[in-house]
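Me: I have a structure open and would like to test the vocabulary used for it. Could you set each value against its definition for me?

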Amino acid sequence: MSEYSHRELEKKWQEYWDSKGTFQVTNESALPKYYVLDMFPYPSGAGLHVGHPLGYIASDIYSRYKRLKGFNVLHPMGFDSFGLPAEQYAIQTGQHPAITTEQNITRYIEQMKNLGFSYDWSREVRTSDPDYYKWTQWIFMELFGSWYNNDTQKAEPIESLTAVFEKEGNKPVNAPCDEDTPAFTAAEWNAWTEEEKYKVTLKYRLTYVADATVNWCPGLGSVLSNDEVKDGVSERGGFPVIQKLMRQWMMRITAYSQRLLDGLDNIEWTDSLKEQQRNWIGRSVGALVRFELGIKEEMEEGGKGELSSLSSPSSNTPKIEVFTTRVDTIYGVTFIVLAPEHELVDQITTPAQRGDIDAYIAMTQKKSERDRMADVKTVSGAFTGAYVINPFNGEKVPVYIADYVLAGYGTGAVMAVPSGDQRDWNFAKHFDLPIIPILDAQKDIETQADATKEGHYINSGIINGMTFHEANKVLIQWLEEKGVGKGKVNYRLRDAVFSRQRYWGEPVPVYYKNDSTGQPLPYLLAENELPLNLPEVDKYLPTENGEPPLGRAENWAHGSGNGYELSTMPGWAGSSWYWYRYMDPKNENEFASKEAISYWRDVDLYIGGTEHATGHLLYSRFWNKFLKDRGYVPEEEPFKKLINQGMIQGRSNFVYRVKSENYSKPVFVSAGLKSQYEVSALHVDVNIVENDILDVEKFKATRPDIAGEHAEFILEDGKYYCGVEVEKMSKSKFNVVNPDDIVERYGADTLRLYEMFLGPLEQAKPWNTNGIDGTYRFIRKFWRLFFNDAGQWVVKDVPAKPEELKILHKTIKKIEEDIEHFSFNTAVSAFMVCVNELGSLKCQSKEVLNELVVLLSPYAPHITEELWELLGHGKGTVSKSAFPKWEQKHVEDAVFEYPVQINGKVRISLPFALDTPAAEIEKEVLANETVRKWMEGKDAKKVIVVPKRIVNVVI
Ligand code: ANZ
């Protein structure tokens with residue numbers, strides 16, 4: 001082939017790689033391993049657009065580079081194939097989601113293969129495949145079979161827990177568990193029936209059933225996770241989402257809060273991503289403080305009555321426990337605020353205040369937690385009529401309820417310090433409550449919030465004059481001594497809701513059997529009953545009595561005759577462990593063999609989008625830590641290095657229709673002339689626009705609805721120029737560019753280079769098809785180094801010239817550095833410079849071109865395979881060769897221009913070959929005419945030659 005023909009050549013090599021299994025890797029290799037993972041896609045019906053492959057191209061370049069560097073590279077691809085869109089489509093069309101999913105996957109694979117990715121397709125996984133979800137179900141069962149031991153900081157089998165119960169009851173057990181877990185002795189435990197024992201263990205398991213306030217989306221008939229809800233509506237479909245209490249499977253991720261935080265210190269992720277995870281976990285160091293309730297009848301009578309609770313504290317008096325990060329402000333507490341849902345509200349509200357309180361509660365029920373957090377302006381609340389005693393100074397303070405206090409955080413109650421907290425300040429102002437300054441630096445009370453920076457405590461007894469940290473320490477000690485509180489670390493992270501009322505997800509491997517009181521109790525399937533296959537249903541909708549779609553399945557019951565769980569697992573289940581399945585995808589006995597896992601261990605490089613910052617990446621880390629605790633995997637963190645590729649935005653084109661009454665004859669004006677008219681801008685399909693010039697005939701043909709036969713076009717220089725705007729790439733904006741079209745026209749190599757050339761990988765950038773011509777020219781110029789205009793092969797076995805070697809070695813050095821830093825765009829520029837320079841030198845040396853082919857192969861794998869073959873490497877593929885080594889001697893200039901200083905002033909610079917001895921340089925410098933002129937006939941006292949730097953002459 002002497003003409004560059006991307007169509008022929010790319011197909012040829014894609015078929016070659018496929019048929020030879022070029023990129024299949026084994027788990028037994030003497031080579032060091034390297035694992036490059038892409039976040040696997042959900043196969044949507046729309047196929048890939050040019051934005052999707054950005055990360056895949058980068059990871060492919062890196063994988064190919066690592067192979068050339070001598071690593072055994074695992075680079076797999078698969079599909080996160082359970083999910084809502086397929087189910088929505090099934091609801092609308094009756095088509096089984098498995099069918100659409102299969103079709104979409106086929107299309108994705110075809111599109112990916114067209115781009116020349118070096119995936120080991122023999123390891124492909126699909127989360128909706130029973131052979132795969134069998135193991136997702138198995139992990140669920142392992143979680144069910146485990147509890148978290150805070151003392152060992154590990155998940156352990158439930159048997160180690162019941163062993164303690166048998167001997168010592170649950171007093172010595174330090175473990176996260178349900179709030180209503182009773183205290184019991186070994187004697188009590190041992191006296192219980194098996195059923196009673198089982199029920200108690202359910203309170204400790206890492207997955208459990210609970211009533212949880214969830215995001216319920218009636219439009220989708222399902223619960224959604226927080227990251228599936230945006231601004232009060234579902235991300236998919238935009239249906240309203242409300243807060244509802246429902247019985248759900250939960251995952252006790254909170255047991256891992258601290259480890260999820262600590263692990264971030266040992267992985268190479270961007271600071272912003274780590275910060276998002278830290279914020280999501282939300283660690284707060286503070287204290288719990290108990291405020292005892294005054295007897296409310298006495299309080300009401302003038303408020304000055306004897307405080308029986310103060311004089312005779314009794315364990316029966318209700319106490320309000322608050323969580324605070326600022327115990328140091330306790331002297332400034334002037335009221336207490338409870339969340340409207342707080343369990344004590346009903347009990348403490350006085351008859352006189354009941355009306356106000358009930359009305360307020362009714363009002364807040366309408367708001368979601370999100371709305372409540374987001375609204376910082378509106379101040380509202382109600383007085384309960386009750387008072388509590390500040391344990392530090394015996395002051396009595398009133399108790400309010402207000403919706404700025406959230407039921408689900410801390411204890412659902414705060415000690416309010418208006419001089420320290422803005423919300424408390426607003427509340428105090430609104431209800432005319434006292435404000436006590438806590439610091440002496442009192443320019444303005446609102447500035448006191450930051451006690452760590454300035455000011456000394458006033459009115460504060462034991463902490464007067466202390467720093468913030470000292471004060472907190474002293475106060476927490478005081479609390480503990482007096483028995484009214486203790487130090488406490490609080491996390492914002494909540495346990496994860498694991499149930500979805502959907503069809504297209506993993507069935508939960510659980511059935512229900514009624515207990516002796518007739519209540520259903522969940523039981524696990526036996527391991528050999530897995531996978532629990534998704535049953536057929538007649539419709540993908542909830543049943544008439546509101547059960548999830550699985551409620552429609554006929555005869556769908558456990559062998560014992562008991563009904564299965566009807567909800568399915570959430571979208572994140574299958575993606576929380578998939579990187580292990582690639583290690584050993586066909587294994588029928590384990591999720592992956594011990595050998596495979598101990599060879600591949602973890603993902604060295606993970607590339608994907610930022611939208612998974614707090615969902616997938618947190619859940620995966622959680623499951624990984626759990627699997628590690630149970631001895632199934634070796635590493636604490638699954639993804640050592642993570643890069644987020646930036647989004648490729650769409651570049652929309654617009655036409656401008658002149659506003660007019662006459663719609664039968666629309667008039668469109670070219671962009672440059674539009675200011676002369678009153679116009680409305682309309683999106684036009686970017687695929688019928690080239691270099692911003694509209695193909696008017698195609699426009700008429702494809703959009704007869706807006707530009708019929710009779711439309712008129714006001715042109716500039718005979719052309720219709722479109723307007724341009726950068727927006728999200730989406731169908732509705734007519735700016736979607738399909739990689740298939742680009743590949744057809746320019747080839748995958750050009751597309752790969754062009755996507756990398758667009759800008760730094762991590763940055764968002766607009767797609768612009770106009771620029772691709774430049775990259776296409778580069779590829780053809782590269783080809784021209786091997787073939788002349790007449791199509792003759794010009795490469796010769798001639799020794800390389802020094803200039804050629806210099807260009808080559810500088811490029812090798814630069815490309816290597818750039819790949820190591822994931823700076824793919826600068827590498828592409830370096831290739832362009834190199835090819836230009838070798839082109840102008842008319843380089844024909846095989847020695848040079850051979851190396852260049854290897855160097856470019858990760859970026860442009862097809863053309864380089866072809867040339868590699870033509871260079872005489874027979875059947876071997878360039879992907880199995882070795883990355884060239886650059887040598888210092890070639891990189892350096894052969895000659896150095898020495899600046900020559902005479903008594904400290906540079907007077908001239910003189911070129912010397914690098915290997916010139918110092919004595920020779922000295923001799924020639926002193927003999928130079930200009931130098932002699934500046935020496936004014938004097939002798940040199942000293943001549944200092946600093947090699948490759950400078951020559952100093954002292955006279
Ligand atoms: C007294 C105080 C004084 C507070 C002060 C702050 C500043 P983070 O850092 O987010 O953990 N708080 C506690 N529970 C709450 C709840 N359920 N809803 C709303 N607010 C709650 O915040 C902890 C602080 O937020 C706590 O410290 C408490 O107010 C409030 F100058 O206590 B602070």
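Me: What makes helix α5 one that lies across β5 and β9?

Reply: Contact here means heavy atoms within 4.5 Å, and helix α5 (residues 130-144) lies across β5 and β9 (242-251). Helices are DSSP runs of H or I with at least four residues, strands are runs of E with at least two, and both are numbered from the N terminus. Helix α5 runs at about 85 degrees to β9; axes are lines fitted to C-alpha atoms, for helices over the stretch in contact, and angles run from 0 to 180 degrees between N-to-C directions. Please keep in mind that this is a predicted model, where local features need pLDDT of at least 70, side-chain atom pairs count only at pLDDT 80 or more, and totals for chains, interfaces and linings use all residues. Residues are numbered from 1 along each chain as its sequence is written, and side-chain values use heavy atoms, with hydrogens and water left out.

Me: How do you know that β5 and β6 pair?

Reply: Two strands pair if DSSP finds at least two bridges between them. Strand β5 (residues 207-217) is joined to β6 by three bridges, so the pair qualifies, and the two run antiparallel. In one of these pairings, Asn215 has Leu224 in β6 as its bridge partner.

Me: Why are β6 and β17 called edges of their sheet?

Reply: The open sheet has four strands in the order β6-β5-β9-β17, with antiparallel pairing. Both β6 (222-224) and β17 (496-497) have a single partner strand, so one side of each is left without a neighbour in the sheet.

Me: What makes the pairing mixed in the sheet β31-β30-β33-β32?

Reply: This open sheet also has four strands, and its pairing is mixed. Strand β30 (residues 895-902) runs antiparallel to β31, with eight bridges joining them, whereas three bridges join β30 to β33 in a parallel run. Particular pairs show it: Glu897 has Pro911 in β31 as its bridge partner, Val900 has Ile908 in β31, and Gln901 stands opposite Asn952 in β33.

Me: Which strands stand at the edges there, and why?

Reply: They are β31 (905-913) and β32 (942-946): each has a single partner strand, so one side of each lacks a neighbour in the sheet. The twist averages 20 degrees from one strand to the next. Helix α31 (residues 918-927) lies across β30, β31, β32 and β33 (950-954), at about 125 degrees to β32. In the hairpin of β30 and β31, with two residues between the strands, Asn903 takes a positive phi near 50 degrees.

Me: How do you know that the ligand has polar contacts?

Reply: A polar contact is a pair of N or O atoms within 3.5 Å; within protein, one must be able to donate a hydrogen and the other to accept it, and residues adjacent in sequence count only if both atoms are side-chain atoms. A polar side-chain atom of Thr324 lies 2.7 Å from a ligand oxygen, and one of Tyr409 lies 2.5 Å from a ligand oxygen. A polar backbone atom of Leu406 is 2.8 Å from a ligand nitrogen. These distances fit the 3.5 Å limit, so the pairs are polar contacts.

Me: What makes the peptide bond before Pro531 stand out?

Reply: The bond from Leu530 to Pro531 is cis, with omega near -5 degrees. Pro531 sits in the loop between β19 (520-524) and α18 (572-575).
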